[in-house]
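Student: I have one part of this protein that I would like to understand properly. Please take me through a close look at it, and connect it to the rest of the chain.

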Amino acid sequence: MKYDVGIDVHDYEKHTHGRKEVVLYDEDWVSAVEYAIELVQNQHPLASVELAYVKEYDARFMLETTNKVLYTTLLK
């Protein structure tokens with residue numbers, strides 16, 4: 001399945017906040033959320049990170065991919 005996982009990122013030291021969207025393929029939504037949160041925490045180690053949303057899409061008819069993560073974006 002394909003999942004869009006939104007992660008809210010708050011960095012209180014830098015007074016910034018935003019939402020990181022991680023789009024990936026995974027077996028189930030729990031694994032997708034855990035992977036996305038870990039990925040964002042590694043990119044922003046001093047920030048507070050929490051789940052905002054999960055969207056699930058049927059990926060049966062999508063092209064094969066070798067990577068788990070398709071893309072990420074940071075919305076401010």
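**The S1–S2 hairpin and what packs on it**

Tutor: Start with Asp11. Setting aside residues within four places in sequence, Asp11 is in contact with Thr16, Leu46 and Ala47. Asp11 belongs to strand S1. Bear in mind that this is a predicted model. Asp11 counts as buried because its relative accessibility is 12%, and the cut-off for buried is under 20%.

Now take its partner, Thr16. Thr16 lies in strand S2, which covers residues 16-25. Here the label changes: Thr16 is partly exposed, because its relative accessible area is 33%. Beyond four places in sequence, Thr16 is in contact with Val9, His10 and Asp11. Ala47 comes up again here. The C-alpha atoms of Thr16 and Ala47 are separated by 9.2 Å, with their positions 31 residues apart along the chain.

Those two residues lead to the hairpin itself. S1 and S2 form a hairpin, and four residues sit between them. His15 is in the turn and has a positive phi of about 55°. The two strands pair in the antiparallel sense, over 10 bridges. One pair to look up is Tyr3, whose bridge partner in S2 is Leu24. Strand S2 is mostly covered, with seven of its 10 residues buried.

Next, follow the side chains into the core. In a regular strand, side chains alternate between the two faces of the sheet. The largest nonpolar core has 12 residues. Its members are Tyr3, Val5, Ile7, Val9, Val22, Leu24, Ala32, Val33, Ala36, Val40, Ala47 and Val49. Strand S1 (2-11), S2 and H1 each give two or more residues to this core. So Tyr3 and Leu24, the bridge partners, are both core members. Ala47, a contact of Asp11, is a core member too.

Two core residues deserve a closer look. Val49 touches Ile7, Asp8, Ile37, Val40 and Gln41, leaving out residues up to four places away in sequence. Val33 sits in helix H1. Val33 counts as buried because its relative accessibility is 9%. With the same sequence neighbours left out, Val33 touches Val5, Leu51 and Val54. Val33 is also 8.8 Å from Gly6, C-alpha to C-alpha, and the two are 27 residues apart in sequence.

Val54 takes you out to the surface. Val54 is found in strand S3. Val54 is partly exposed, because its relative accessible area is 31%. Together with Trp29, Val30 and Leu51, Val54 makes a nonpolar surface patch of about 330 Å². Helix H1 (29-43) and strand S3 (48-57) each supply at least two residues of that patch. Two patch residues, Leu51 and Val54, are thus contacts of buried Val33.

Finally, put the hairpin back into the whole chain. The secondary structure comes to one helix and four strands. From the N terminus on, the order is β-β-α-β-β. Buried residues make up 32% of the 76 residues. Among contacts with a separation of 6 or more, 70% join residues 24 or more positions apart. The chain exposes about 5300 Å², and carbon and sulfur atoms supply 51% of that area.

How values were computed:
Residues numbered from 1 in each chain as written. Predicted model: local features only at pLDDT ≥ 70, side-chain atom pairs only at ≥ 80, totals over all residues. Heavy atoms only, no water. Patch = residues over 30% accessible without salt bridge, like charges linked within 9 Å, V, L, I, M, F, W, Y side chains within 5 Å. Areas by Shrake-Rupley, 256 points an atom, 1.4 Å probe, with all protein chains shown as cover. Salt bridge = Lys/Arg side-chain N within 4 Å of Asp/Glu carboxyl O. Buried < 20%, exposed > 50% of the residue type's maximum accessible area, 1.4 Å probe, protein only. Contact = heavy atoms within 4.5 Å. Core = buried A, V, L, I, M, F, W, Y, C linked by side-chain atoms within 4.5 Å. Pairing = 2+ DSSP bridges.
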